[in-house]
Amino acid sequence: MRKKRLSYNARLLVIIGVVIVNMLPIVFIVSNSFMSVTEAAARYTAMVTPHSAFGVISGSMHYMDMTFLPTLITASGWRHILFGEPAHLRFMWNSIILVVPIVLGQLLIAPLAAYGFERAKARHKDKLFFAYIIIMLLPMQALLVPHFIAANFLGISDGYFAVILPAVVAPFGVFLIRQQMKGFDNGLIEAAKIDGASELTVFWRIVLPNIKPALFALAVLAFAEAWNIVDQAVIFIRNEFALPMSVYLSTDLTGNIGVVFALSTLFMIPALIVFIYGQDDLSEGIIYSGRKQ
């Protein structure tokens, strides 16, 4: 019993340590969002300024002086992005414009494609599905060139559609939902077919209501992927005022460092809300995706 207790305490300490390590960046960003502009510039700007009193200056180098607690707690950064220069919020709106159609598109297309793969009687459907999954395993950087060629052919190489369309047909959602469909009772489907229900009716009235955990899991994961989109936006969106917040934050680091932490915290809030409310469905959907084929 004592050994089990020690083993439990050791595992608990490891878990607490992992949680603390992962929470440190979030705590750092949130706490520094209440730092004054002058202090932020002094601590984190690479240039040597007259206000660089918090760092160590050696020659022409200015070393960053990181801290979790600002010397002066102020909401000036928040006032600046919300009221002083609300143009920052435009980039947040750009992120929403990208995320909403991507998530809704995946929730529409992925279940239909997964149902087709699962119910089709084609001889080589599993081989086709395997080839489809190979695309999921490729890094996004390897797919940017064919995406650019296709977008250029369609005449949409400069704009949101070039980012949205490939994301809507991403294979991960099809894989996730098909895995949950494997545990579905085919007897219900056959009974509905005997009663004269069409494939669309079976899908809409029987299958779809029973795979809600997978749909919620897909929504959360698709949101996370689209909310943090960078590479595709840099390649296909050339208007700097149309960039999402995920890209704008990296460019703003070279500008007003005093409001970057407030912008970063603002950018985290929607993601935290989605994960908090969707964590149970996300866990259940991931568990079902582990079914063997």
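**Salt bridges and helix packing around Arg-178**

Asp-126 has a relative accessible area of 46% and is partly exposed, a class that lies between buried (under 20%) and exposed (over 50%), as found with a 1.4 Å probe on protein chains only. The model is a predicted one, in which local features need pLDDT of at least 70 and side-chain atom pairs count only at pLDDT 80 or more, while totals for chains, interfaces and linings use all residues. Residues are numbered from 1 along each chain as its sequence is written, and side-chain values use heavy atoms, with hydrogens and water left out.

The chain has 293 residues, of which 39% count as buried, and it contains 14 helices and two strands; these are DSSP runs numbered from the N terminus, H or I of at least four residues for helices and E of at least two for strands. Among contacts (heavy atoms within 4.5 Å) between residues at least 6 apart in sequence, 72% join residues at least 24 apart.

Two salt bridges are present in the structure, the term standing for a side-chain nitrogen of Lys or Arg within 4 Å of a carboxyl oxygen of Asp or Glu. In one of them, Glu-118 pairs with Arg-178, with 3.0 Å between the closest N and O atoms. Because Glu-118 belongs to helix 4 (residues 88-119) and Arg-178 to helix 8 (residues 171-181), this pair ties together parts that are 60 residues apart in sequence. Glu-118 is partly exposed at 25% relative accessibility, whereas Arg-178 is buried at 2%. Arg-178 also forms a salt bridge with Asp-126, the closest N and O atoms here being 3.3 Å apart. Since Asp-126 lies in helix 5 (residues 125-137), this pair links helix 5 to helix 8 across 52 residues of sequence. Glu-118, Asp-126 and Arg-178 are thus joined in a network of salt bridges.

Arg-178 sits in a helix that is mostly covered, as nine of the eleven residues of helix 8 are buried; among them are Val-174, Leu-176 and Ile-177. Helix 5 packs against helix 8 at an angle of about 130 degrees, with the axes 9 Å apart, where axes are lines fitted to C-alpha atoms, for helices over the stretch in contact, and angles run from 0 to 180 degrees between N-to-C directions. That angle makes helix 5 oblique to helix 8, since angles under 35 degrees count as roughly parallel, over 145 as roughly antiparallel, 65 to 115 as roughly perpendicular and the rest as oblique. The residues that make this contact include Asp-126, Phe-129 and Tyr-132 of helix 5, together with Phe-172, Phe-175 and Arg-178 of helix 8. By class, the contact residues are nine nonpolar, no polar and three charged, where Ala, Val, Leu, Ile, Met, Phe, Trp, Tyr, Cys and Pro count as nonpolar, Asp, Glu, Lys and Arg as charged, and the others, Gly among them, as polar.

Helix 4, which carries Glu-118, also packs against helix 11 (residues 212-227), their axes coming within 9 Å and crossing at roughly 145 degrees. Met-92, Val-99 and Leu-107 are among the helix 4 residues that meet helix 11, where the partners include Leu-215, Ala-222 and Trp-227. The residues of this contact divide into 15 nonpolar, two polar and no charged. Gly-105 is placed in helix 4 and is buried, with a relative accessible area of 12%. The C-alpha atoms of Gly-105 and Ala-222 are separated by 9.9 Å, although these residues stand 117 residues apart along the chain.
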